[in-house]
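Please walk through this structure one helix at a time. The text below follows a few helices, the places where they pack, and some single residues.

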Amino acid sequence: MTSTVTLRYWRATAVSGLGTYVTVFALQALVVLTLDGTAADVGWLNAARWLPYLTFGLVVGALVDGRRRLPLMVRTDLAQAVLLLVIPVLWWADALSLPVLLAVVFGYGTAAVVNMAATMSLLPRLVERHQLQPAHARVDGADAVSSAAGPALGGLLVSAVGAPLTVLLDAATHLHSALTLRRIELDEPPPRTGVTVRGLLGEILEGVRWAYGASGLRTLAIATHGWFVGNAIVGVVLAPYAFLVLDLSAAELGLVGAAGGVGAVLGASITTAVGLRLGTGRTIILCHLLTTSAVVTMTLAGQSSYAAGVLGLGQGIYGLAMGMSNSHEMSYRQLVTPDALQARTNTTLRSLNRAVVVVVAPLAGLLADAVGMQTMLVVAAVAFAVVALGLAATPFRTVRAPT
């Protein structure tokens with residue numbers, strides 16, 4: 001992506017991505033350290049963040065496919081900025097509680113659903129087909145840098161000014177993204193008119209049938225749903241595990257998160273070359289095996305006198321796997337999908353992935369409080385291993401992205 005338009009797209013997503021990583025860290029710290037929450041409370045937080053995908057995702061995909069995508073990105077960036085500003089205001093007014101926070105996060109997540117549907121389905125309109133996987137890799141590279149800097153910055157800010165005020169940074173990044181995107185001039189197809197409820201339902205069903213039928217994406221989709229089971233567990237358990245079991249500080253956990261970002265940067269930098277050598281299917285399977293080993297390493301941190309270092313190593317491997325896998329999954333999905341179905345396909349699959357998080361995250365939190373956080377990390381590792389071995393047993397292992 002070298003044109004002015006694509007560079008602005010990249011800058012907008014990179015900056016807002018940095019803010020999102022800071023906020024994800026800050027919100028979990030806010031629940032555990034400011035509101036004295038438990039792993040179960042972090043589970044409810046994660047569920048609230050992703051519940052809009054389950055509630056609205058399929059409808060959003062159909063609506064976005066019939067709209068200009070760039071204006072939607074601008075409006076939803078502004079909406080996310082405003083909603084994030086509510087959190088420190090409520091905290092300052094001594095009116096912030098867990099239920100109130102969950103309601104605000106649900107609103108924020110709703111705007112994010114629309115934003116992500118528009119963002120992902122816009123990229124194939126900006127680059128040629130043969131450039132789509134490298135374009136995703138470049139976006140992933142920026143995301144990887146953000147995932148390294150975000151938790152570290154979040155940890156420092158939480159230690160310095162507290163979790164509620166740290167959220168202000170993400171509000172500023174969404175505002176920057178909106179202003180940057182407004183400068184893009186792009187000729188998009190005109191929006192559809194005269195859409196009826198029956199027609200909308202038909203479009204939703206068309207997207208579902210494509211994602212799980214004629215597209216050939218079913219095997220990868222089901223495997224990704226399984227991956228989200230493990231990821232939901234890790235997302236819930238990691239912060240309480242670090243704070244309450246390993247006795248790490250916010251700054252130390254921020255550095256652990258930064259190690260994951262460093263791994264993601266490395267993964268994004270080598271993923272195109274690895275994919276050309278191994279093919280799409282084998283590269284994704286390799287990434288799932290790496291994720292399994294990463295979670296096993298995190299589990300061992302509880303038995304080590306160098307807990308932060310071992311946890312950071314696990315996070316580094318976890319980030320490496322994510323940095324390598326995402327561009328191949330996304331580009332493969334988009335290369336086999338026509339433009340008119342891009343948003344529906346993306347949001348159908350993302351909605352069901354996030355539905356997994358909505359269901360699993362609260363259960364994982366409750367179980368972590370009951371049976372132990374290390375036990376739940378073992379469960380996550382098993383889930384990742386099942387996904388890797390399951391994909392390896394299907395013809396998907398030989399898949400290469402179409403050109």
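Which residue, with a phi that is positive, follows H3? Asp94 comes after H3, and its phi is near 60°. The model is a predicted one. Asp94 is not a glycine, yet its phi is positive. Its place is the loop that joins H3 to H4. With a relative accessible area of 72%, over the 50% cut-off, Asp94 is exposed.

A second residue of this kind sits further along the chain. Asp247, also a residue other than glycine, has a positive phi near 60°. Asp247 belongs to the loop between H8 and H9. Its relative accessible area is 64%, so Asp247 is exposed.

The helix before Asp94 can be taken next. H3 runs over residues 69–92 and has 24 residues. From its first C-alpha to its last, H3 reaches 36 Å, which is close to the 34 Å expected at 1.5 Å a residue. Which residues of H3 are buried? They are Arg69, Leu70, Leu72, Met73, Val74, Thr76, Asp77, Gln80, Ala81, Leu84, Ile87 and Pro88. These buried residues pack against several helices, namely H1, H2 (39–65), H4, H6 (163–181) and H12.

One of those partners is H1, which covers residues 4–34. Two packed helices are described by the angle between their axes and the distance between the axes. For H1 and H3 the angle is about 25° and the axes are 13 Å apart. An angle under 35 degrees counts as roughly parallel, so H1 is roughly parallel to H3. Their crossing is left-handed. On the H1 side, Tyr9, Thr23, Leu27, Leu30 and Thr34 take part, and they meet Met73, Leu84, Ile87 and Trp91 of H3.

H1 also packs with H4, residues 98–126. The axes of H1 and H4 come within 12 Å and cross at roughly 160°. Because that angle is over 145 degrees, H1 counts as roughly antiparallel to H4. The contact involves Val5, Thr6, Tyr9, Thr13, Thr20, Leu27, Leu30 and Val31 of H1. From H4 it involves Leu98, Leu101, Val105, Tyr108, Thr119, Met120, Leu122, Leu123 and Leu126. H1 passes H4 in a left-handed crossing.

Another pair is formed by H8 (residues 218–245) and H12 (residues 342–371). How far apart are the axes of H8 and H12? They are 8 Å apart, and the two helices pack at an angle of about 35°. This crossing is right-handed. The residues of H8 that meet H12 are Ala221, Thr224, His225, Phe228, Val229, Ala232, Ile233, Val236 and Val237. Among the H12 residues they meet are Leu349, Leu352, Asn353, Arg354, Val356 and Val357. Val360, Ala361, Ala364, Gly365 and Ala368 of H12 are also met by residues of H8.

The next helix to follow is H11, residues 307–335. At 1.5 Å a residue, its 29 residues should span 42 Å, and the end C-alpha atoms are 43 Å apart, which agrees. H11 nevertheless bends by about 30° at Ser325. Is H11 mostly covered or mostly uncovered? H11 is mostly covered, with 22 of its 29 residues buried.

Three single residues complete the account. Ala259 is part of H9, residues 250–278. Its relative accessibility is 23%, so Ala259 counts as partly exposed. Apart from its neighbours within four places in sequence, Ala259 is in contact with Gly312, Gln315 and Gly316. The C-alpha atoms of Ala259 and Leu320 are separated by 9.7 Å, and the two residues are 61 residues apart along the chain.

The other two residues lie in H10. Thr283 is in H10, and at 0% relative accessibility it counts as buried. Beyond its neighbours within four places in sequence, Thr283 is in contact with Val274, Gly275, Leu278, Met324 and His328. His288 also lies in H10, which spans residues 280–300. With 4% relative accessibility, under the 20% cut-off, His288 counts as buried. Leaving out neighbours within four places in sequence, the contacts of His288 are Trp227, Glu329, Phe384, Val387, Ala388 and Leu391.

Methods. Residues numbered from 1 in each chain as written. Predicted model: local features only at pLDDT ≥ 70, side-chain atom pairs only at ≥ 80, totals over all residues. Heavy atoms only, no water. Helix = DSSP H or I, 4+ residues; strand = E, 2+ residues; numbered from the N terminus. Expected span 1.5 Å × (residues − 1). Bend = angle between axes of the 7 residues up to and from the residue. Buried < 20%, exposed > 50% of the residue type's maximum accessible area, 1.4 Å probe, protein only. Axes fitted to C-alpha atoms, helices over the stretch in contact; angles between N-to-C directions. Parallel < 35°, antiparallel > 145°, perpendicular 65-115°, else oblique. Left-handed = near helix turned anticlockwise from the far one by under 90°. Contact = heavy atoms within 4.5 Å.
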